[in-house]
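Visitor: I would like a close look at how helices pack in this model. Please take me through one part, and then set another beside it.

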Amino acid sequence: MDPGIGEQILESFVKVAFVISLVMGAVTFMTWVERRVSAWIQDRLGPNRVGPAGLFQPIADGIKFLFKEDVVPPHVHKPLYVLAPALSFVPALLGSAVIPFGDTIPLFGRDIPLRVADLDVGILFIFAMSAMGVYGIALAGWSSNNKYSLMGGLRSSAQLISYELAMSLSVVGALMAAGSLRLSEVVLTQDRLMHWNVWTQPIGALVFIVAAFAETNRLPFDLPECESELVAGYHTEYSSMKFAMFFMAEYANMVTASALMVTLYFGGWQVPGLASLSLPPLAVSLIQVAAFLLKVAFFLFVYVWVRWTLPRFRFDQLMDLGWKVMLPLALLNIFLTSWLILNGWI
């Protein structure tokens, strides 16, 4: 085998392992953050027994899920019932493969790109993966042979159709400004603070953030699993690790959506003024990765903050917002961005 091919395989393996570990670590940590922040907002203590400040609570939860009985009700369609959690979880992980978490890092005598895959159509790949996740939810609702589960699956499908269109159109402005569908190119055009897309097209950023909440089924858009109406929605009939996989998929989607917000509108790994400090290349790379992770962490906090601040929409309000507000605003953003580019202001 050509030694160069072996190095590429090893490099790809290391980057895949790093990204999966990063996402799964964030998923584990977010289960603790969700509880601690909600307790802080509601003036409670939250988890504080398992480890310092309850930090080991996610580990205890994982052990509990592993040892719980995996009940498969007799009335379900077993093949799809078993497959559905994986159909939600795997696309949630795959979406993070094309998001650049840094520029390059100097190792082994060369600059290694800090991303698993730098696709020419990176943004389309992420949208494809996010759309695949709803199949798992819809199949879970149907295969459970439960009216509550079926209603949750149907709601999720309708919600995806309503907000996927607005989300896709909202990013067109950022892609037009960059002149590329490659996410690394989008970040490189935001090299200064005032060049961040959130300043040049705030409408697109707002639509994308709202649509991201809807796409990840988080409050105030958690209609597919709202406890007050549907018990637990599409995962009513699930238990043990199958039940946990749906939650891991939700948090993984939150991580991917937050990373995409940062990449498209908040400068990605860019740090204002970093180039003027004349730091060693390795230090610059590490600072860029740390800045990217901090920005992502902020939006993950916003997810939790909004959950415990806003009430849930009615389903008709959710549909009206998607079709009558978000979609027209996304189209308006495209026209405004086109006009700004035509006049040379972007």
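Guide: A crossing is left-handed if the near helix is turned anticlockwise from the far one by less than a right angle. Keep that in mind for this predicted model. Start with helix α4, residues 122–143, and helix α5, residues 147–170. Helix α4 passes α5 in just such a left-handed crossing. Their axes come within 7 Å and cross at roughly 165°. The two helices are therefore roughly antiparallel to each other, as angles over 145 degrees count that way.

Now the contact itself. From α4 come Phe127, Ser130, Ala131, Val134, Ile137, Ala138, Ala140, Gly141 and Trp142. They meet Ser149, Leu150, Gly153, Ser156, Ser157, Leu160, Glu164, Met167 and Ser168 of α5. By class, that contact of α4 with α5 has 10 nonpolar, seven polar and one charged residues.

Set beside this the pair α3, residues 78–94, and α11, residues 240–265. Here the axes come within 8 Å and cross at roughly 20°. That angle makes α3 roughly parallel to α11. The crossing of α3 and α11 is left-handed. On the α3 side, the contact includes Tyr81, Val82, Pro85 and Phe89. On the α11 side, Met245, Phe246, Met248 and Asn253 are among the residues met. The contact of α3 with α11 has 12 nonpolar, three polar and one charged residues.

Note on methods. Residues are numbered from 1 along each chain as its sequence is written. This is a predicted model: local features need pLDDT of at least 70, side-chain atom pairs count only at pLDDT 80 or more; totals for chains, interfaces and linings use all residues. Side-chain values use heavy atoms; hydrogens and water are left out. Axes are lines fitted to C-alpha atoms, for helices over the stretch in contact, and angles run from 0 to 180 degrees between N-to-C directions. Helices (H or I, at least four residues) and strands (E, at least two) are DSSP runs, numbered from the N terminus. Angles under 35 degrees count as roughly parallel, over 145 as roughly antiparallel, 65 to 115 as roughly perpendicular and the rest as oblique. Contact means heavy atoms within 4.5 Å. Ala, Val, Leu, Ile, Met, Phe, Trp, Tyr, Cys and Pro count as nonpolar, Asp, Glu, Lys and Arg as charged, and the others, Gly among them, as polar.
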